[in-house]
Every structure is written in structure tokens, then in C-alpha cells.
Amino acid sequence: MVEETTDKNKVWDVVMIGAGPASLAAAVYTTREDIETVLFEKGAIGGLAAVTDWVDNYPGFPKGISGLDLSANLQAQAERFGAKIELGEVSKIEDKGDYKLLQTTEGEYKAKAILIATGSDYKKIGVPGEAEFYARGVHYCATCDGAFYRDKKLVVVGGGNSAAQESLFLTKFATHIDLLVRSTFKASDILQKEVKQNPKITIHIGTTTDEIVGKDGKVTKVIGTDTASGKKVEFPTDGVFVFVGLSPNTEFLAGSSIELDNIGLIKTSMNDLQTNMPGVFVAGDVHSGATMQIASAVGEGATAALHIREYLEGKPHPIQN
Amino acid sequence: MPKNITIFTTNTCAYCGMVKKWLGAKGYSYEEVNIDEHPERQQEALQASGQLAVPVTVVTRQDDSQEVVVGYNLAKLAPAVS
Ligand SMILES: Cc1cc2nc3c(=O)[nH]c(=O)nc-3n(C[C@H](O)[C@H](O)[C@H](O)COP(=O)(O)OP(=O)(O)OC[C@H]3O[C@@H](n4cnc5c(N)ncnc54)[C@H](O)[C@@H]3O)c2cc1C
């Protein structure tokens, strides 16, 4: 077994929290400028992009690209210039004046600057049966667990782009999908069209998900309400995939002075993506007002990297003047 | 050092890659069972974990006792292999 040693007193130029598209793009820029960069990743390298089946709207890939391949490319590009990726979680950051101190599962790290690009995680629906059948019939990652539903029936809960896109992916395995949309179907026109044309998917607009019911440790049905008639409706199923939005990965900032907005996303005051803690920058989905797209996360990552360079050189970026 | 480590994976599962990467970085060798390529072995993953999810990592210790870790969960995986 290889035990890695870290010099506890080393002060990194920049520690990036998360290794999703935003940080990986930022790392390409910082490392090409010889800014010593380490990224911490507690989940999948590539972030949510890595668990997305197919990405059709990331510029430069006219035929689209799988999320896993795009993530591998981003990782390879960042590592090519010397980015170091630590598999671990950051649990706390503190401003110590000359440097920032990070508590991580790999020990303490010190940095002159930090980039927070921790994105978000799937939200739960909070109905009876959801926790009980977690990973035994209730899932949040189609590319991970979809293969268990070959020739089975599924319910997908959600009405946004993710629910639509992942339903389409799940038709590779499932014989039929009931898509339960609580209020309006908010997916993009092109995704809505594809879903509507897919004979394996039945869309139920205005249908809440009230309970996930099972027997002998297996999910058997979902009980919901048709909001128009107020009547209870039942959907026999072998499993449920939930895509009802995301909640920001900012719990680790509780107790820090970093300012968050009312949904927990990180605020910035100036145009330089810097938070209210000097030297701590933010990029991607976790930034207040983010558009939650890979292209924008990558764009913000690049922008943050350039501002980090200015910060490390002790120069304010021209747009602040 | 465990006697044997088996990971059940699929082609599209990002967390499966992370378990392999983490084990590789720590110097552990493992056997991979890809259930997309071997659907007949899906039942083994299900039996080991009781869950319909991948990755499933089955760690067999020197005394033949087993520990099963579902998902990419370093808090469970690290003590299981140590
Ligand atoms: C199902 C689905 C489909 C999508 N499809 C598309 C699409 O087709 N096109 C598109 O442009 N966008 C798509 N998106 C959105 C896109 O994936 C995100 O906008 C993008 O991944 C955001 O990148 P990010 O780097 O900001 O955050 P993320 O990708 O969320 O990465 C953040 C990373 O930080 C890690 N992390 C969090 N907290 C910590 C911590 N404390 N310590 C260490 N690591 C931590 C997380 O594990 C994660 O890997 C989709 C999203 C989903 C959920």
C-alpha cells in the first residue's frame, strides 16, 4: 500500500474545492501559468458532468459527447499541465491572514488562494418510502443504476431538463417510463419534443408524488395525486428515479464568514468572482445566479483563474478599477 | 492487505471509475466485473449488496470474512480494505 506524504507546511498557490468542469477548466489556466494547483474531489472527477449520459450543447463537439468522456478530457487537460487531484473532501476553510487553512480528509492544507467550485447535489423529494428504498428501488443517478432496470417499468419524478434527459437515457433499459411532473413541464423545447415522441414514455403533467410503496424490500408502486381532479393515482413500477432539482454543496461553509444567498449559493460582490473572504473565489453552479450549464461553469472557471493570478500577483484586475 | 477485492461496475457509472482510481492510487489490485458486459453476473452484485446500485465493492479479508461497500464511499471503503 502506498502512503502518500504531504508537507504540512507547504502553502499551495491555489486549492480548488471540487473537480467538476469549473475547477478543471480553472486548473488548465492556473497550471499553464505555473501556479501550483491542487484540486479536492469528494465524488466523481468531472462533477455532475461525469454522471450525465450525454451532453449535446457543449461547444466544440458537433455530434455531442458523453459526460464521462468530456470529464475524462477535462481531467487529462488539467493534469497535462500539472494539476494535482486529491481524492478527498474539504470540511472547513479559515482565513489566517497570510494564508487560508483548509481542513480535509487528507489532513490540513494551506493555500494563498482558494477556488470554491463545489456545485450541487440532487435534492430528495421527502416522501414516505424514499429513504427506506434508497438504492433499493429509489435512485438519483440514471447512468449509475439504470442498468438494473433492463426490461422493467420505471417512474421518473421531475419536470426539468435533467428529468427529461435522464428519462430518455433510461428508455435504453426500461420497457416503460411514467414521468411524473408536479406542475409544468419545464424542460427545453427540444427535450420535450424528444420525450413526447418516445413511445416508451408517458408524461403525467400536474401529478404529485406522494408515496413510494414496496413489498418484501422491493418498490412496487408510486402513489400520487392528479392535482386537476384531486384524485389519487397509482403507478405500478419496479423503481423510481428522482430528478427534482439540486441543492448547493455549501454546508462545509457553515460557520465561515463566506456570504451565501437565500438558497445557499455563494455571493460575490465585484466582477472578479471573489467572495467576501479575500483570496477566496467561486465558479460554476455554486455561484449565486449561475446558469447551471457546463459551458458557463467552464467559462467562470477560466475567468476565476485569471482573477486568481491577479490576486496572487498582488494586482487588482483592471475591471475592478 | 485484503485477500481479494471484486468491483461490480457498469460502462456508464462515473463512481465505478472513482473506486478503481482510488484503489489504484492506494496500490490495491482488484478484479472488475462489468455487468453491462456480463449481465448474467448482475445477480451476484445484487446478492452481495442487497441493493440495485453500482459500484459494489466486495472485500475479502485474509480470514475470508467479507465486507461489501456500495457506492464510492471512502469513509467505508478505506477501513474495509485496510
Ligand atoms: C442529469 C443532469 C444532466 C445535465 N446535462 C447537462 C447538459 O446536457 N449540458 C450542460 O451544459 N449542463 C448539464 N448539466 C449541468 C452541468 O452538469 C453542471 O452545470 C456542471 O457540471 C457544473 O459544473 P461545476 O464544476 O460548477 O459543478 P459540479 O459539476 O457539480 O462539480 C462540483 C464537484 O465538487 C465536488 N465537491 C462538492 N463539495 C465538495 C467538498 N466539500 N470537497 C471536495 N469536493 C467537493 C462534487 O463532488 C462535484 O464533483 C446537467 C446536470 C445534471 C444533474
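The following exchange concerns chain B and the disulfides of a predicted model.

Visitor: What makes chain B as compact as a globular protein of that length?

Guide: Chain B holds three helices and four strands, which follow one another along the sequence in the pattern β-α-β-α-β-β-α. The radius of gyration of chain B is 12 Å, close to the 12 Å that the globule rule gives for 82 residues, so chain B is as compact as a globular protein of that length. Along its principal axes, the C-alpha trace of chain B spans about 30 × 25 × 20 Å.

Visitor: Why is the link of B:Cys13 to B:Cys16 called a disulfide?

Guide: Because a disulfide requires cysteine sulfur atoms within 2.5 Å, and the S to S value for B:Cys13 and B:Cys16 is 2.2 Å, the pair meets the cut-off and counts as a disulfide. With 100° about the S-S bond, this link of B:Cys13 and B:Cys16 is right-handed, and both B:Cys13 and B:Cys16 are buried.

Visitor: How many disulfides does a search of the whole structure find over all chains?

Guide: The search finds two disulfides over all chains, and one of them is formed by A:Cys141 and A:Cys144, with their sulfur atoms 2.2 Å apart.

Visitor: Why is the disulfide of A:Cys141 and A:Cys144 called right-handed?

Guide: The torsion about the S-S bond of A:Cys141 and A:Cys144 is about 65°, so this disulfide is right-handed. A:Cys141 and A:Cys144 are both buried.

Note on methods. Residues numbered from 1 in each chain as written. Chains lettered and ligands numbered in written order. Predicted model: local features only at pLDDT ≥ 70, side-chain atom pairs only at ≥ 80, totals over all residues. Heavy atoms only, no water. Helix = DSSP H or I, 4+ residues; strand = E, 2+ residues; numbered from the N terminus. Rg over C-alpha atoms; globule rule 2.2 N^0.38 Å. Buried < 20%, exposed > 50% of the residue type's maximum accessible area, 1.4 Å probe, protein only.
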